[in-house]
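Me: I am new to reading protein structures and would like a close look at a single part of this one. Could you pick a residue, show me its setting, and then walk me outward from there?

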Amino acid sequence: MQTVTLIPGDGIGPEITESVTKILNAAGAKINWDIQSAGADVAETEGSPLPDRVIESIKKTKVALKAPVTTPIGKGFRSVNVALRKSLDLYANLRPCKNIEGIKTRFDNVDIVIVRENTEDLYAGIERQIDNDTAESIKIITRNASTRIVKFAFEYAKKNNRKLVTAVSKANICKLSDGLFLECAREVAKKYPQIKYKEILVDNLCMQLVQKPEQFDVLVLPNLYGDIVSDLCAGLIGGLGIAQGANIGSNAAVFEPVHGSAPDIKGQHKANPTALLLSAIEMLKYINQNDVAYKIEKSLFKTIKERKILTPDLGGNATTTEYTNEIIKNL
Ligand code: NAI
């Protein structure tokens, strides 16, 4: 039995969490969940949207499965997600984007792995109001964080038999900050002569991705570009409902979908639990419960390929519960 921290989140979070834990139970996962609430409701009762108990739990269990948490726009508390990644130093955000058979998209040859830096850039949260009409956000790029994220990308490529790592920047404009990111990337790349290394500007990358996504393999990006490009890549494979992710550090890992709390469909029984389920499958592999992971993966891909019972975002009309039960039936 492995203890894993479970953060059900808010919005559609609790709905997809219920679905995923039901599937994991049915498949025989040996997990003891340490359930930790976080988010706006918790902020009201405990004074912080991310109380220390959540961090302490993950420090102890070293692994967490997390559903999305709402972040207020423009005012209110800082993002729980950003705070969690920073306080546990989960420096690498890993987001694989691969076509799934049965989900019709414009391209059928997408197999891209996004490695996003997770701790600095504009997400350092250093902002100030200079006067009524002027605000400032500071973008921080350091040698240490850039080197370790590019190293992570190359190590991932090596372990997973990937052939190409592309570093993404806007170094023509942000000459110092993105320039430093590229300088670090070039240094690291020299140590992996067996893996091809390329560079691309982020605007050109976006255009190329929606024309010829098959030319990319592993992408390594500073935080903000990584955030934006991973949603774009989610769109290439069929939308946010199936885009998985993981935040990995030296001492802990938090597995979570790319999407947010989708307040527009909360409580409507429409939420697609696939992205959280795929994240949970990666988590099962991470804690060495490979048999259960592959069993669930097989059943999930069969359910999608058959296209009989699917949630509305995938072109079906099934509820979250009907889709969940179909995956359990196919186990
Ligand atoms: P969102 O990802 O929640 O939703 C964007 C669109 O995709 C919506 O139309 C939504 O209905 C749809 N969608 C997302 N996930 C879906 C799913 N599983 N099944 C079916 N449809 C799905 O992005 P949005 O609206 O920009 O953000 C909402 C809140 O989530 C914000 O407060 C944001 O800060 C937060 N957020 C949290 C994240 C996290 O906890 N890791 C990540 C991204 C956003």
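Reply: Let's start at Ala-293, which sits in helix H10, the stretch covering residues 290–306. Keep in mind as you look that this is a predicted model. Is Ala-293 buried or exposed? Its relative accessibility is 0%, and since buried means under 20%, Ala-293 counts as buried. Leaving out residues up to four places away in sequence, Ala-293 touches Ile-281, Leu-284 and Lys-285. For a sense of scale, try finding Lys-196, which is 97 residues from Ala-293 along the chain. The C-alpha atoms of Ala-293 and Lys-196 are separated by 31 Å.

Now follow the chain out of the helix. Arg-307 belongs to the loop between H10 and helix H11 (320–329). Its phi is near 55°, a positive value in a residue other than glycine. That is worth a pause, because most residues other than glycine have a negative phi. Arg-307 is partly exposed, with a relative accessible area of 39%. Lys-62 also has a positive phi, near 70°. You will find Lys-62 in the loop between helix H3 (52–61) and strand E3 (63–66), and with a relative accessible area of 44% it is partly exposed.

Next, look at the ligand. Which residues are closest to the ligand? Of the 21 residues that surround it, the closest are Val-69, Thr-71, Gly-260, Ala-262 and Asp-264. This shell divides into nine nonpolar, eight polar and four charged residues. Some polar pairs are easy to find by eye. An oxygen atom of the ligand is 3.1 Å from an N or O atom in the side chain of Lys-66. For His-259, a polar side-chain atom lies 3.2 Å from a nitrogen atom of the ligand. With Asn-272 the partner is a polar backbone atom, 2.9 Å from a ligand nitrogen. Taken alone, the ligand exposes 820 Å², and the protein buries 70% of that.

Lys-66 has another role in the picture, as it is linked with Arg-85 and Glu-256 in a network of salt bridges. How many salt bridges are there in the model? The count comes to 21, and a few pairs are good to visit.

One of them joins Arg-53 and Glu-46, whose closest N and O atoms are 2.7 Å apart. Arg-53 has 28% relative accessibility and counts as partly exposed. Glu-46, at 41%, is partly exposed as well.

Another pair is Arg-162 and Asp-111, with the closest N and O atoms 2.9 Å apart. This salt bridge links distant parts of the chain, 51 residues apart: Arg-162 is in the loop between helix H5 (143–159) and strand E8 (164–169), and Asp-111 is in strand E5 (residues 111–117). Arg-162 counts as buried at 16% relative accessibility, whereas Asp-111 is partly exposed at 29%.

Finally, find Asp-178 and Lys-139, a salt bridge whose closest N and O atoms are 2.9 Å apart. Asp-178 lies in helix H6 (residues 177–190) and Lys-139 in the loop between strand E7 (134–137) and H5, so the pair ties together parts that are 39 residues apart in sequence. Asp-178 has 0% relative accessibility and is buried, while Lys-139 is partly exposed, with a relative accessible area of 21%.

Key
Residues are numbered from 1 along each chain as its sequence is written. This is a predicted model: local features need pLDDT of at least 70, side-chain atom pairs count only at pLDDT 80 or more; totals for chains, interfaces and linings use all residues. Side-chain values use heavy atoms; hydrogens and water are left out. A salt bridge is a side-chain nitrogen of Lys or Arg within 4 Å of a carboxyl oxygen of Asp or Glu. Buried means under 20% relative accessible area, exposed over 50%, partly exposed in between (1.4 Å probe, protein chains only). Helices (H or I, at least four residues) and strands (E, at least two) are DSSP runs, numbered from the N terminus. A residue is near a molecule or strand if one of its heavy atoms lies within 4 Å of it. A polar contact is a pair of N or O atoms within 3.5 Å; within protein, one must be able to donate a hydrogen and the other to accept it, and residues adjacent in sequence count only if both atoms are side-chain atoms. Accessible areas come from the Shrake-Rupley method with a 1.4 Å probe; for residues, only the protein chains shown count as cover. Ala, Val, Leu, Ile, Met, Phe, Trp, Tyr, Cys and Pro count as nonpolar, Asp, Glu, Lys and Arg as charged, and the others, Gly among them, as polar. Contact means heavy atoms within 4.5 Å.
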